[in-house]
Amino acid sequence: MSRLRINLLGSPEVYVNGSYIDFKRRKEVALLAYLSVERRPHSRDSLSDLLYPNQDRRRARGNFRVNLLWLRSKLGPEIVRTDSNTVSLA
């Protein structure tokens, strides 16, 4: 099982199994922070609305999918759990 460590005080730092994960975009950090604090599944629509409030639903969902794909590729599907409607952290 993968081990996730998140430090949000100061510059955000994320480690998976002791390896530093470099975040290039603030939206990915925001998504990870929100999911880690909330500790429950959230709908894809609510998360895309939260991250992209000024975009129409279709564009917001598209941008959200890109962020989610990146987050899952870096952290792994065992940490970022998804189904067709929800997203959560393990």
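What follows is a conversation about how certain labels are earned in this predicted model.

Biologist: Why are β1, β2 and β3 described as an open sheet, and which strands are at its edges?

Modeller: The three strands come in the order β1-β2-β3 with antiparallel pairing, and β1 (4-7) and β3 (19-21) are the edge strands, since each pairs on one side only. From one strand to the next the twist averages 25°.

Biologist: How do you know that β1 and β2 count as paired?

Modeller: Pairing requires at least two bridges between two strands, and four bridges join β1 to β2, which run antiparallel, so by that cut-off the two are paired. Leucine 4, for instance, has valine 16 in β2 as its bridge partner.

Biologist: What makes β2 and β3 a pair as well?

Modeller: Strand β2 (residues 13-16) is joined to β3 over three bridges in the antiparallel sense, and because at least two are needed, the pair qualifies. Valine 16 is opposite serine 19 in β3, and valine 16 is also the bridge partner of leucine 4.

Biologist: What lies across these strands, and at what angle to β3 does it run?

Modeller: Helix α3 (residues 57-75) lies across β1, β2 and β3, and runs at about 170° to β3.

Biologist: Why is histidine 42 called buried, when serine 43 is called partly exposed?

Modeller: Buried means under 20% relative accessible area, and histidine 42, in strand β4 (residues 42-43), has a relative accessibility of 5%, so it counts as buried. Serine 43 is also found in strand β4, but its relative accessibility is 33%, which falls between the cut-offs of 20% and 50%, and therefore serine 43 counts as partly exposed.

Biologist: Which residues are in contact with these two, leaving aside neighbours within four places in sequence?

Modeller: Histidine 42 is in contact with Tyr34, Leu35, Leu47, Asn85, Thr86 and Val87, whereas serine 43 is in contact with Asn85 and Thr86.

Biologist: What makes arginine 25 and glutamate 28 a salt bridge?

Modeller: The cut-off is a side-chain nitrogen of Lys or Arg within 4 Å of a carboxyl oxygen of Asp or Glu, and the N to O distance here is 3.5 Å, so the pair meets it. Arginine 25, at 45% relative accessibility, is partly exposed, while glutamate 28, at 1%, is buried. The structure holds six salt bridges.

Biologist: How do you know that aspartate 45 forms a salt bridge with arginine 57, and what is the distance to arginine 61?

Modeller: The closest N and O atoms of arginine 57 and aspartate 45 are 3.6 Å apart, which is within 4 Å, so that pair counts. This pair links distant parts of the chain, with arginine 57 in helix α3 and aspartate 45 in helix α2 (residues 44-51), 12 residues apart. For arginine 61 and aspartate 45 the N to O distance is 2.6 Å, and therefore the same cut-off is met. Here too distant parts of the chain are linked, the two residues being 16 apart.

Biologist: Why are arginine 57, arginine 61 and aspartate 45 called partly exposed?

Modeller: Their relative accessible areas are 44% for arginine 57, 22% for arginine 61 and 27% for aspartate 45; because partly exposed lies between under 20% and over 50%, each value earns the label. Asp45, Asp49, Arg57 and Arg61 are linked in a network of salt bridges.

Notes:
Residues are numbered from 1 along each chain as its sequence is written. This is a predicted model: local features need pLDDT of at least 70, side-chain atom pairs count only at pLDDT 80 or more; totals for chains, interfaces and linings use all residues. Side-chain values use heavy atoms; hydrogens and water are left out. Axes are lines fitted to C-alpha atoms, for helices over the stretch in contact, and angles run from 0 to 180 degrees between N-to-C directions. Contact means heavy atoms within 4.5 Å. Buried means under 20% relative accessible area, exposed over 50%, partly exposed in between (1.4 Å probe, protein chains only).
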